[in-house]
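Here are my notes on the model you sent round. I have kept them as numbered points, so you can check each one against the structure as you go.

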Amino acid sequence: MWSEYFPFAKIIGLDKEIFKVDPTESRIESRYFNANSASKFKHILRKDKPNVIIDDASHIFKHQQDTFFSAFQRLTAGGLYIIEDLNSIQGNLIA
């Protein structure tokens with residue numbers, strides 16, 4: 001879906017399970033990532049500075065927070081950070 005929405009983007013999918021990527025699609029990668037170790041995010045993308053980050057993984061607020069604090073610093077200036085499905089029952093955002 002994202003490759004159609006962003007037709008010229010390099011897409012790096014992070015998940016706790018490596019997903020199958022069409023070998024003819026050189027602009028899409030699958031890399032291992034576990035939201036329980038969000039502090040390692042900067043190491044996963046050490047060569048990449050994304051323009052857009054979409055967090056559509058764990059809906060556990062602590063995981064979303066940890067991933068944001070690790071991932072946002074990797075985002076290019078003026079980039080877009082999206083968190084899908086915030087759950088207000090789990091706590092409040094840190095100001």
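1. Which side chain does Glu29 meet in a salt bridge? The partner is Lys10, with 3.3 Å from N to O. Keep in mind throughout that this is a predicted model. The pair ties together distant parts of the chain: Glu29 sits in strand β2 (residues 28–32), while Lys10 is in the loop between α1 and β1, 19 residues apart from Glu29. Glu29 counts as partly exposed because its relative accessible area is 25%, between the 20% limit for buried and the 50% limit for exposed.

2. The structure holds two salt bridges. Besides the Glu29 and Lys10 pair, Glu25 and Arg27 join their side chains in a salt bridge, again listed at 3.3 Å, N to O. Glu25 is partly exposed too, with a relative accessible area of 26%. As background, side chains of opposite charge can pair when their charged atoms come close.

3. Stay in the loop between α1 and β1 for a moment, since Ala9 lies there as well. Ala9 has a relative accessible area of 25%, so it goes down as partly exposed. Its C-alpha is 8.6 Å from that of Ile28, and the two residues are 19 apart along the chain.

4. Now the overall layout. The protein has three helices and four strands, and reading along the sequence gives α-β-β-α-β-α-β. It has 95 residues, 28% of which are buried.

5. The largest pocket deserves a look. Its volume is about 990 Å³, and 30 residues line it. Nearest the centre of this pocket are Ile11, Ile12, Gly13, Leu14 and Ile54. By class, the lining breaks down into 18 nonpolar, four polar and eight charged residues.

6. Which elements supply at least two residues each to that lining? They are α1, β1 (11–15) and β3 (52–55). Strand β1 gives the most, with five residues.

7. Helix α1 (residues 2–5) also contains Trp2. On the surface, Trp2 joins Met1 and Tyr5 in a nonpolar patch, and the three together have about 410 Å² of accessible area. Is Trp2 buried, partly exposed or exposed? It counts as partly exposed, because its relative accessibility is 35%.

8. Next, Asp48, which lies in the loop between α2 (41–44) and β3. This charged residue is buried, because its relative accessible area of 14% is under the 20% cut-off. How far is Asp48 from Leu75 in space, C-alpha to C-alpha? The distance is 8.9 Å, although 27 residues separate the two in sequence.

9. Last, Phe61, found in helix α3 (residues 61–71). With a relative accessible area of 9%, Phe61 is buried. Phe61 and Asp85 are 24 residues apart in sequence, and their C-alpha atoms are 9.8 Å apart in space.

10. If you only have time for a quick pass, I'd go through these places. Begin with the salt bridge between Glu29 and Lys10, then turn to the pocket and its central residues, Ile11, Ile12, Gly13, Leu14 and Ile54. After that, compare the two buried residues from the later points: Asp48, at 14% relative accessible area, and Phe61, at 9%. Finish at the surface patch of Met1, Trp2 and Tyr5.

Terms used: Residues numbered from 1 in each chain as written. Predicted model: local features only at pLDDT ≥ 70, side-chain atom pairs only at ≥ 80, totals over all residues. Heavy atoms only, no water. Patch = residues over 30% accessible without salt bridge, like charges linked within 9 Å, V, L, I, M, F, W, Y side chains within 5 Å. Areas by Shrake-Rupley, 256 points an atom, 1.4 Å probe, with all protein chains shown as cover. Salt bridge = Lys/Arg side-chain N within 4 Å of Asp/Glu carboxyl O. Buried < 20%, exposed > 50% of the residue type's maximum accessible area, 1.4 Å probe, protein only. 1 Å grid on protein atoms, 1.4 Å probe; cavity = no way out; pocket = protein on both sides within 12 Å on 5 of 7 lines; lining within 4 Å. Points joined across faces, edges and corners; volume = space filled by probe spheres on them.
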